[in-house]
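Colleague: I should like to learn how to read a model of this kind. May we take the features one at a time?

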Amino acid sequence: MALNLLSPTEVKSISFLDSSNSTYNLSLLKTQGSLTFQKDGGAKFSKKIQCSVQQPPPAWPGRAVVEPGHKSWDGPKPISIVGSTGSIGTQTLDIVAENPGKFRVVALAAGSNVTLLADQVKLFRPQLVAVRNEALVEELKEALSDVDYKLEIIPGEQGVIEVARHPDAVTVVTGIVGCAGLKPTVAAIEAGKDIALANKETLIAGGPFVLPLAQKHNVKILPADSEHSAIFQCIQGLPEGALRRIILTASGGSFRDWPVEKLKEVKVADALKHPNWNMGKKITVDSATLFNKGLEVIEAHYLFGADYDNIDIVIHPQSIIHSMIETQDSSVLAQLGWPDMRLPILYTLSWPDRIYCSEITWPRLDLCKLGSLTFKAPDNVKYPSMELAYAAGRAGGTMTGVLSAANEKAVELFIDEKISYLDIFSVVERTCEKHQAELVSSPSLEEIIHYDLWARDYAAGLQSTSSVKSPALV
């Protein structure tokens, strides 16, 4: 695959004489963060330097330390859930139902599943509820006409934002997929709410804007997906500077045992057969392409401040080790558990405390019954998504959001059978290449949303071109 996202861009050139009167030309290469010297038109040599573009502050700079004097929450912790009818939202409510003495729901927001949302309201009795699809608000009101307490209903995006910044909420679970979750998350941060982060776009697209905002408001961003939760758990109490490397584990998805040549034959039903996890269609396809892992690399960079050179991916078919870290002395720490998203969600809600879970609904890990754990390096030919993600991450700014949005649109087109499986990679690559000329290093929220929409439109337009095929795999 031809990958040109990091082609050097010369932004400054000067000449100088050394002590022997030899002339040197010096060029600063913006995207690669290096200095290239050329002596009298001869051979070049380079020296890496820190990129001139200021990086946003990581949510957890290589370690997680509890503030002095921290006390556990007194009584049920009040939470809001944005995206309550999706996979993350429903599993969060399962946790609340099992731990009524630990958590209570004060506000719920959903997209369009009015029937399930109404059932959730009747069971958990929030003070505020929102439905993003304004056309469904009357249907929601009708479904809730027999509610026997005072309930506020606010439709549309504004309602979702009000749920995110509900005055009584301490933690907000952000489960909306895509950039639709950005504005509510920003509203929650500005209101001083801790974020249980399940919306990847918050950091992948919004990291350059969201992280400084979280630092300004002293808000904690707690990762709710299994890999970043594992890393977060492993860095608890590390001394400053102890983190050396992050190792993200990947199941390998639906096609981990398929030869590359067979990928031309992939059908949608094949991609949706995940061997380990029960997830939504989009994330299951992302697992098959390994775009999910590439996006997680970017998210890990923003969450923990690790350089991209120090974030690795390893295929671990059993999905028992959810990720690992290596410390400066070469020790490797790992977090293990059955493939169950409820555990990382629970930890975002309870951190830094650990809540007892019964063996009835939370089976304990038995390594002897499991038998063995295996690992192998990912195949860059089978998974060109990894190179694309690392390149976009190093480019930074709006490029990571464009990568994510283009992938989301490409997966949608694939599920709708408008493009082939292999076309997903090409659509994303071509969209990112087109964006290079307009890349914004330190974007505003408006610019992030603008380029998210642009990437979706551009990716959608590629489905009708004859050059959409991916040259690396076809």
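Modeller: Let us begin with a single residue. This is a predicted model, and in it isoleucine 345 has a relative accessibility of 1% and therefore counts as buried, the limit being under 20%.

Colleague: Where is the place of isoleucine 345 in the secondary structure, and which residues does isoleucine 345 touch?

Modeller: Isoleucine 345 lies in helix 12, which covers residues 342-350. Leaving aside residues up to four places away in sequence, isoleucine 345 touches Ile88, Gln91, Thr92, Ile95 and Ala224. The C-alpha atoms of isoleucine 345 and isoleucine 88 are 7.9 Å apart, although 257 residues separate the two in sequence.

Colleague: What share of contacts in the protein chain joins residues at least 24 apart?

Modeller: Among contacts between residues at least 6 apart in sequence, the share is 68%. The chain has 474 residues, of which 53% are buried, and its secondary structure comprises 17 helices and 15 strands. About 21,100 Å² of the chain is exposed, with 50% of that area supplied by carbon and sulfur atoms.

Colleague: How many residues of helix 5 are buried?

Modeller: Helix 5 spans residues 182-190, and seven of its nine residues are buried, so this helix is largely enclosed by the rest of the structure. The buried residues are Leu182, Pro184, Thr185, Val186, Ala187, Ala188 and Ile189. After helix 5 comes glycine 192, with a positive phi near 80 degrees.

Colleague: How should one read the contact between two helices?

Modeller: One may begin with a general idea. An α-helix has 3.6 residues a turn, so residues three or four places apart point the same way. In the present case, helix 15 (residues 399-415) and helix 16 (residues 423-435) have axes that come within 9 Å and cross at roughly 150 degrees. The crossing of helix 15 past helix 16 is right-handed. Helix 15 contributes Met399, Val402, Leu403, Ala406, Asn407, Ala410 and Phe414 to the contact, and helix 16 contributes Ile424, Val427, Val428, Thr431, Cys432 and His435. By class, these residues comprise 10 nonpolar, three polar and no charged.

Colleague: Cysteines remain. How many disulfides are counted, and is cysteine 234 buried or exposed?

Modeller: A disulfide requires two cysteine sulfur atoms within 2.5 Å, and by this rule the count is zero. Cysteine 234 is buried, because its relative accessibility of 9% falls under 20%. Cysteine 368 is exposed, because its relative accessible area of 77% is over 50%.

Technical notes: Residues numbered from 1 in each chain as written. Predicted model: local features only at pLDDT ≥ 70, side-chain atom pairs only at ≥ 80, totals over all residues. Heavy atoms only, no water. Buried < 20%, exposed > 50% of the residue type's maximum accessible area, 1.4 Å probe, protein only. Axes fitted to C-alpha atoms, helices over the stretch in contact; angles between N-to-C directions. Helix = DSSP H or I, 4+ residues; strand = E, 2+ residues; numbered from the N terminus. Left-handed = near helix turned anticlockwise from the far one by under 90°. Contact = heavy atoms within 4.5 Å. Nonpolar A, V, L, I, M, F, W, Y, C, P; charged D, E, K, R; others polar. Areas by Shrake-Rupley, 256 points an atom, 1.4 Å probe, with all protein chains shown as cover.
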